[in-house]
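Ready to practise reading a protein structure? Keep the sequence and the 3D view open, try each exercise yourself, and then compare your steps with the worked solution.

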There are 2 protein chains.
Amino acid sequence: MNTNQRFAISIHALTLLAANSAPLTSEMIAGSVDTNPVVIRRTMAGLRQRGLVKSKSGAHGGWKLMRDPKQILLCDVYLSLGEDTVLAIHAHPNKYCPVGGNIKGTLQEIFSVTQNAMMDSLRQVTIADVLADVRAKGKK
Amino acid sequence: MNTNQRFAISIHALTLLAANSAPLTSEMIAGSVDTNPVVIRRTMAGLRQRGLVKSKSGAHGGWKLMRDPKQILLCDVYLSLGEDTVLAIHAHPNKYCPVGGNIKGTLQEIFSVTQNAMMDSLRQVTIADVLADVRAKGKK
DNA sequence: TACATTTGTAACTATAATTGTTACGAATAT
DNA sequence: ATATTCGTAACAATTATAGTTACAAATGTA
């Protein structure tokens with residue numbers, strides 16, 4: 001199984017921030033996600049670089065959203081992680097084989113289209129949508 | 001980076017088989033992929049289970065396609081690997097938090113839609129398409 | 001100013017997924 | 001019979017990711 005949980009953690013953290021106007025500390029977020037505060041800081045660093053959140057050191061510091069949750073698309077969140085494409089290509093297919101010598105380019109093109117399809121899907125959902133759905137589930 | 005190359009290896013192997021009517025041994029395929037024959041056998045086992053290829057032990061044995069390459073969709077190939085969804089969810093969000101207690105279900109739904117978008121994209125490409133593209137690149 | 005709080009980040013360990021390797025039995029063609 | 005080839009278990013090696021510790025820097029408040 002894939003152990004990369006950074007995307008899920010990012011969405012979780014942003015949803016918490018969307019639900020709270022006061023800043024949340026890494027420790028509070030880590031408590032809800034069930035991980036170490038450093039893992040949260042590490043993950044949030046990418047979100048900050050992309051302008052989705054800001055952080056403040058010191059007493060009463062923590063994390064805040066920089067945008068209306070309606071304006072945060074999940075594809076923005078994904079991109080902030082700086083991940084490669086989800087489908088990986090083997091490193092050294094045999095150059096002297098007619099198939100091996102050309103398959104990397106072919107796979108790159110196909111996997112890029114697939115990645116775009118994934119991104120288009122993530123473009124349809126905002127952090128506001130996530131929060132609304134979480135709240136709806138909470139009422140049931 | 002994601003190190004799971006099984007999907008790329010499977011496509012590579014099937015493309016080799018599509019280009020050759022005689023059976024190919026795990027060793028030959030491994031030579032083109034640049035890996036160990038056991039890795040090939042392991043990967044091909046899933047493809048066989050799904051009825052995409054057959055294998056034969058012994059002298060002049062090896063692997064053959066069970067279908068016209070035009071009828072092998074990349075989504076079939078992907079499914080034969082038995083992978084989880086490409087987007088993973090963190091294991092134990094805090095149940096007693098209004099967000100943490102409900103986010104898993106929300107993420108499952110979103111990630112499932114995204115996975116389907118990916119599959120729809122992979123449904124548009126066949127092994128015959130891959131072989132044609134590889135050959136076209138070889139002529140340039 | 002002193003102190004408590006909180007982030008930023010480096011350094012390291014732990015865990016888990018994946019690949020790579022060795023070994024050997026079973027199947028099969030000649 | 002013999003050589004070939006797959007099937008698979010067992011294990012080692014590599015890599016990605018998460019988790020942890022430690023401490024400097026920033027910041028609010030008494």
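**Exercise 1.** Leaving aside neighbours within four places in sequence, find which residues A:T43 is in contact with in this predicted model, and decide whether A:T43 is buried or exposed.

*Solution.*
- Step 1: Locate A:T43, which lies in helix α3 (residues 37-49) of chain A.
- Step 2: Skip the neighbours within four places in sequence; A:T43 is then in contact with A:R6, A:I9, A:S10 and A:L81.
- Step 3: Buried means under 20% relative accessible area. A:T43 has 6% relative accessibility, so A:T43 counts as buried.

**Exercise 2.** Work out in which sense strands β1 and β2 of chain A pair, and find the bridge partner of A:V53.

*Solution.*
- Step 1: Find strand β1 at residues 53-56 and strand β2 at residues 62-65 of chain A; the two pair in the antiparallel sense, over four bridges.
- Step 2: Start from A:V53 and look across to β2(A), where the bridge partner is A:L65.
- Step 3: Look at the link: β1(A) and β2(A) form a hairpin with five residues between them, and A:G58 in the turn has a positive phi of about 85°.
- Step 4: Turn to chain B, where four bridges join the antiparallel strands β1 (residues 53-56) and β2 (residues 62-65). Here B:V53 has B:L65 as its bridge partner in β2(B). The hairpin of β1(B) and β2(B) has five residues between the strands, with B:G58 in the turn at a positive phi of about 85°.

**Exercise 3.** Describe the surroundings of A:K64, leaving aside its neighbours within four places in sequence, and say how its exposure is classed.

*Solution.*
- Step 1: Place A:K64 in strand β2 of chain A.
- Step 2: List its contacts beyond those neighbours: A:L17, A:S21, A:P23, A:L52, A:V53 and A:K54.
- Step 3: Partly exposed covers the values between 20% and 50%. The relative accessibility of A:K64 is 34%, so A:K64 counts as partly exposed.
- Step 4: Try a distance too. A:K64 and A:K139 are 75 residues apart along the chain, and their C-alpha atoms are separated by 26 Å.

**Exercise 4.** Check whether the span of helix α5 of chain A agrees or disagrees with 1.5 Å a residue, then find what its buried residues pack against.

*Solution.*
- Step 1: The helix runs over residues 103-122, which is 20 residues.
- Step 2: The expected span is 1.5 Å times one less than the number of residues. That gives 28 Å for α5(A), and the end C-alpha atoms are 28 Å apart, so the two agree.
- Step 3: Pick out the buried residues of α5(A), including A:I103, A:L107, A:F111, A:M118 and A:L122.
- Step 4: See what surrounds them. Within chain A, the buried residues of α5(A) pack against α1 (6-19) and α4 (74-80). From chain B, the partners are α1 (6-19), α4 (74-80), α5 (103-122) and α6 (127-139).

**Exercise 5.** Find how much area chains A and B bury between them, and how many salt bridges cross their interface.

*Solution.*
- Step 1: Count the residues involved: 51 of chain A are in contact with 51 of chain B.
- Step 2: Read the area. The two chains bury about 4100 Å² between them, with 68% of it on carbon and sulfur atoms.
- Step 3: Count the salt bridges across the interface of chain A and chain B: there are two. In one salt bridge, the side chains of B:K137 and A:E109 meet at 2.9 Å, N to O.
- Step 4: Ask which element of chain A gives the most to the side that touches chain B. The answer is α5(A), with 13 residues.

**Exercise 6.** Which parts of chain B do B:E83 and B:R6 come from, and how is the exposure of B:E83 and of B:R6 classed?

*Solution.*
- Step 1: The side chains of B:E83 and B:R6 meet in a salt bridge of 3.4 Å, N to O.
- Step 2: This pair links distant parts of the chain, 77 residues apart: B:E83 is in the loop between α4 and α5 of chain B, and B:R6 is in helix α1 of chain B.
- Step 3: B:E83 is partly exposed at a relative accessible area of 26%, and B:R6 is partly exposed at 42%.

Key
Residues numbered from 1 in each chain as written. Chains lettered and ligands numbered in written order. Predicted model: local features only at pLDDT ≥ 70, side-chain atom pairs only at ≥ 80, totals over all residues. Heavy atoms only, no water. Buried < 20%, exposed > 50% of the residue type's maximum accessible area, 1.4 Å probe, protein only. Contact = heavy atoms within 4.5 Å. Pairing = 2+ DSSP bridges. Buried area = accessible area lost by both parts, 1.4 Å probe. Salt bridge = Lys/Arg side-chain N within 4 Å of Asp/Glu carboxyl O.
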